[in-house]
Amino acid sequence: MSTASAILRSVTPGGPSGIAASAREVTKAYGVGETRVTALNRVDVDIHRGQFTAIMGPSGSGKSTLMHCLAGLDTVSTGHIRIGDTEITDLNDKQLTQLRRDKIGFIFQAFNLLPTLNAIENITLPMDIAGRKADQAWLDQVVSTVGLADRLKHRPAQLSGGQQQRVAVARALASRPEIIFGDEPTGNLDSRSGAEVLDFLRRSVNELQQTIVMVTHDPNAASYADRVLFLADGRIVDEMHNPTADAVLDRMRRFDGKRTS
Amino acid sequence: MYRTALRNLLAHKGRLLMTALAIMLGTAFVAGSMVFSDTVDQATRNSYSTSFDDLSVMVSDPAASASGGFRGQRSSAELNEETVAKIAALPGVAKTRAVVGDFTGVADKQNKLIGPAWSARSANFVPDASGNDPRYPMVQGRGPRAAGEIALDRKTAESGGYRVGDTVRIAINGPAVNTQLTGIFTTTDPMVAGGGSLTLLDTASAQQQLLTPGQFSSIEVTAKPGISAQALREQVAPVVAYSKRFTVQTAEQLRTEQSTMIARRTHSLEQVLLAFAAISLFVGIFIIANTFTMLIAQRTKELALLRAIGAARAQVTKSVLAEAALIGLVSAAGGLLVGIGVGAGLQWGLKSVNRGMPTGSLVVSPGTAVTVLAVGVLVTMVSALLPAVRASRIAPVAAMSSGDQPTTPKGLRIRNSIGTVITVLGLGLIMLGVVSDHSKQQFIRPGAPLAAIGILILLPVLSRPAISLAGPALVRLFGTPGKLARLNAVRSPRRTAATAGAIAIGLTLVTAMTVIGTSVTDATTRSVNASVKADLAVAMSNGHGLAAQVPADIAKAPGVTSVSAVTSMNAKVNGNPHTVEGLDADTFDQLVKLSMTAGSADALKQGQALIDSGLATSEGLHTGSALKLTNPDGTETALTVGGVFENNQQLSPILLANSVITAHNPQPFIVRTLVKGTAGATRALKQAIADATGNNPVIVIRDKQGMADDYSSTVNAAMSLLYVMLGMSVLVAVLGVVNTMAMSVFERKREIGLLRALGLDRTGVRRMVRLESAVVSVFGAVVGMALGSYLAWAAVSTLSEQLPNISTVLPVGELLLFLVTAGAVGIVAGLWPARQAAGTDILHSINAS
Ligand SMILES: Nc1ncnc2c1ncn2[C@@H]1O[C@H](COP(=O)(O)OP(=O)(O)OP(=O)(O)O)[C@@H](O)[C@H]1O
Ligand SMILES: [Mg+2]
């Protein structure tokens, strides 16, 4: 597996071409007084364009919070977030919504699709919302890439979990967002379906120069990424380029060791 | 289990709010109706409680009236001085009072009638030795002593702005006359307390103007001490046995009669109000059932867990029903309180319309409280029964499985089969009724509710195609929110159906009534135009007969070319009772248009009878048939049928020349006078007639439009009341829409969060919810309007006997208005749920698992 992903990654053309998203001095705290929890503590991070970035760390380390802040789903307490050239920390709800609609793709762990819409309608939903026409050639390419051509008229209830996640991936890709965020997109899948989905993500980076940020607990999933950021207690504590599953697992073990000590 | 019920209730109190409101509104309506009618009943009884206190026995002549509704023979036998003297001479009699009383209107200074025409009355002033009448104590001036003098009750004098010495115009059924006001009195007469006017005349003038000289309308007899009323009655009865028409009643009997009458009137009012309360409650059933279905769907796992750990099916059912009973009880208690307010409001509202309505403190009887609480609990439990049974069917294994359970197509299939059978049966019965010649009602009566119930059962299956029709328009107009709204509206057909069904009920009734009303108005207008040549019709506004001199007076007015009195009497034709109308033989063909199917209308001039085709069929008569007319005085006239005319709403089924009628009925009841003018129904002609009839404020002069309106005005007045009543049920239905939408939004939190994450802004989310709400409401409205029109069409067909030319007229403007209103109401009902939806926290709903 790690070999396969290493081969895939080796085709990545060139290096990072600019910054797709960045966090500067980002702090996020929940609650006040005694119940105050600092989920992110002065985080600085750059997400490189055309790269596949994985975020790892122990449970409660702030991975989801970081992703939500980067994606404009949550507000930061202090610090700044940029998506492309846009400073998003002082955008209002309407502008943030528009930003998500036009520049960001999402893949959630579960419940990614609207049950009333069929697969293709789910895929084009963000563009429909924006009132934009989908680029048919691109759409066909995305659909065939994720291998869903014969399932397009199916409702989510008629698709397997893996197929549903593939539809979600296709939706994230279809509108050509500047950046795609996934929070444990393979968390609910068995290893085979998970591998399928990760393959697509990897290929979309390789072939379509897509920028992807993915939160995961699975070292194997992280090995598909170009770069892994390690979070602990709301801080970025380490990073790893061209990771292998074993190296990531090793690094994660050290968190566990620290915790038990 | 009951503890679970209580806990559930408290946990879901927010979501139960609309349900509770719906029950509350329905029960408040019930409570309000009962409180209001009890209060009116009590108040009326109080105001009548002292009547008949000063007499033991009363002899009365119901026919003694110059203008009253007695269309029979005018009294040949009378109550007169001689009768009074004979009664006074009876051993048990302490005193007698001979009363002359009838209708008399009092005009204000603008020549408008004071008070309602039906309670404008007059009586004779009977002074004692001191010149006073203890029954009518004067507060100013003195009682009337001679012709041309009157006294008025204080309220009426105040309304008219009259003072003692003023000239006051009073009118009976002829020209109004000027009189001098000599006194103002007070009275406890309940009719006067109820807003009526009372005019006192001296006995001779009263007799002269209202009856005939020497005649009385009733004699009040007071017994000597120790003589019972019953015994006195037995003494009096033989004295007045010379006419069967006279009634002899004791005060007790009179009081019983009166209280029965009051009770009957308030009872029928209560019935009407309760019928509407029932409709509101019926609509409420849909909401309650819907709420419980949704709550149970949301609680599937919990209930399955209960079953898994050993709860029996019956226990699950009981716990749901217990929850329903609790909600019902609490809401009905609220409804009772609100209902008392409604009762007070109704009383206040009607009081402001009709000043004289008897009022009193609110009567909240224990019966009302018990009924309202019982109704609330029962209705809620009945509504929750089906969901409760369904809840008990949840398999314990559902606790382990995940996800939403899909709607069972099987359940819907059974439902659809039942619905189809009932609908076809109902529509078929209605069809049969419409095509059948007789017993139309016999088919339509059971058919209408069957069809309605069948369609309500079929609503889920109808919802998908019907709402899909609106799809393209919604997408084109509103984009993705429109599309999502449509998809959401059809995703749970049962829920949509229950919500739309509640609206459909109200609109079915409103539409049916509007269509019937429009059709009746249309038919009447056409019938008046087709059968009336006269330009104007002159009649008494209170339904009394015109004075004998009126037709002749009108004939003398400038600009009048022809005139005919329309007289009326209750007679028997070949032994069967019928109303017979008379027209002037010389002029009738210029005033009415008869379409003859046989014979000639001119036969009337030869003293022959004209009959309508209905009577011809039912009595087996044709031109040339002999016809035996039994006059009100018992004499018989042999007549020949001279012609048959088509059924005509404006005329009675048998027409005679006035001369034939007066032969046995010298002073016939004049229903109206038809007038043709040289230049049509001009303002000048109306004025000329008003002048010729002495500007009597009770006489109305109607043109053709007015004649048509007069016929349809009863329909229209009833309709506006019904609209208000049905508005209540529509209000309950709107609560149902709010309820369903709020619950749906709650259930779809994650979806909405996802949509928000994917870039649907708050406006879009709000629009989506409001549109769904509007789509469901409009769907309900369309179904209701279609069903209502169909039912109206059936009902109209049953009216063809009374209105032969009636046809169903769809009031397009009104129907469009209903449709637009339904959409607007849907949007308004969706406002709050839409705000809830737009406020959905994205992260919260994404993280919810
Ligand atoms: N809405 C919230 N209110 C209060 N505290 C929160 C909230 N969301 C997150 N936290 C806290 O912030 C910290 C970071 O949470 P976050 O969800 O980012 O962790 P994570 O790394 O994604 O964990 P996991 O791997 O379990 O998903 C945790 O301590 C969590 O308890
Ligand atoms: Mg997380």
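**Where domains 3 and 4 of chain B meet**

**View 1. The domain layout of chain B in this predicted model.** The domain assignment splits chain B into domain 1 (1-50 + 250-406), domain 2 (57-249), domain 3 (459-530 + 705-849) and domain 4 (536-702). The views below stay with domain 3 and domain 4 of chain B.

**View 2. Domain 3 and domain 4 of chain B, shown with their centres.** Taken over C-alpha atoms, the centres of domain 3 of chain B and domain 4 of chain B are 49 Å apart. Where the two touch, domain 3 of chain B brings 13 residues to the contact and domain 4 of chain B brings 8 residues.

**View 3. The area buried between domain 3 and domain 4 of chain B.** Together they bury about 860 Å², and carbon and sulfur atoms supply 48% of that area. On the domain 3 side, look for Met707(B), Tyr711(B) and Pro804(B): these lose the most area to domain 4 of chain B, together 46% of what that side buries.

**View 4. Polar and charged pairing across the interface of domain 3 and domain 4 of chain B.** If you search here for salt bridges, the count is 0. Residue pairs in polar contact, with both residues at pLDDT 80 or more, also number 0 between these domains.

**View 5. The side of domain 3 of chain B that touches domain 4 of chain B.** Two or more residues each come from α14 (493-531) and α20 (704-747) of chain B. The largest share, 5 residues, belongs to α14(B). By residue class, this side holds 6 nonpolar, 5 polar and 2 charged residues.

Conventions: Residues numbered from 1 in each chain as written. Chains lettered and ligands numbered in written order. Predicted model: local features only at pLDDT ≥ 70, side-chain atom pairs only at ≥ 80, totals over all residues. Heavy atoms only, no water. Domains from an automatic or database assignment. Contact = heavy atoms within 4.5 Å. Buried area = accessible area lost by both parts, 1.4 Å probe. Salt bridge = Lys/Arg side-chain N within 4 Å of Asp/Glu carboxyl O. Polar contact = N/O pair within 3.5 Å; in protein donor to acceptor, adjacent residues only side chain to side chain. Helix = DSSP H or I, 4+ residues; strand = E, 2+ residues; numbered from the N terminus. Nonpolar A, V, L, I, M, F, W, Y, C, P; charged D, E, K, R; others polar.
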